[in-house]
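Subject: Structure handover

Hello,

Here is the structure for you to look through. Please open it alongside the notes below.

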Amino acid sequence: MLRAATYGDGWHPYYMTVETYQKSVEGVKEFAKEIGRKLPDDYGWYLYTTWQMGDTYDEALDKALKRKRYGRDLGDRIKKYDILGTPKDCIERLEEFIDAGCRYFVVSQEGDWEDFMKSLAKIGKEVIPHFKNKS
């Protein structure tokens with residue numbers, strides 16, 4: 001956080017809960033204040049996370065739990081860190097991160113090509129329009 005506050009034009013952590021993300025944003029801002037730096041208005045508040053969509057939350061969770069990451073099973077941590085579920089579930093989770101200070105998401109989705117394309121279509125038809133209509 002200190003490097004981001006001192007030298008960066010953005011903060012781009014990965015695999016955080018909403019609460020941890022909010023604390024990290026506050027930490028970057030506090031470090032900047034301590035060193036006398038005013039962060040620019042266009043400072044980038046990013047989050048890298050994994051996204052898994054399904055027809056239900058449980059289906060998405062099941063898909064995510066079946067895949068190993070970093071060579072191991074992440075178990076219940078997936079529920080804490082990932083964006084999971086239906087488009088509505090994903091919108092709610094994204095809004096939680098937005099309320100915590102995030103403005104840009106870099107997401108990874110694991111799975112087969114067909115599942116990826118279905119998810120991408122849902123994101124384009126249901127998730128993105130929700131946020132475009134809010135501006």
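The notes below cover the cores, one helix and a surface patch.

This is a predicted model, in which local features need pLDDT of at least 70, side-chain atom pairs count only at pLDDT 80 or more, and totals for chains, interfaces and linings use all residues. Residues are numbered from 1 along each chain as its sequence is written, and side-chain values use heavy atoms, with hydrogens and water left out.

The largest nonpolar core (buried Ala, Val, Leu, Ile, Met, Phe, Trp, Tyr and Cys residues joined through side-chain atoms within 4.5 Å; buried means under 20% relative accessible area, exposed over 50%, partly exposed in between, with a 1.4 Å probe and protein chains only) has 16 residues. W11, Y21, V28, Y43 and W45 have the most contacts inside this core. Helix α2 (18–34) gives the most to the core, five residues. Helices and strands here are DSSP runs (H or I, at least four residues; E, at least two), numbered from the N terminus.

A second, separate core has eight residues, among them M53, L94, I123 and V127.

In helix α3 (residues 57–65), the buried residues are A60, L61, K63 and A64. Seen down the axis of α3, they fall within an arc of 160° and so line one face of the helix; the arc is taken from the directions from the helix axis to the C-beta atoms. These buried residues pack against β2, α4, β3 and α6, where contact means heavy atoms within 4.5 Å.

Strand β2 (residues 44–53) also holds Y48, which counts as partly exposed because its relative accessibility is 30%.

Regards
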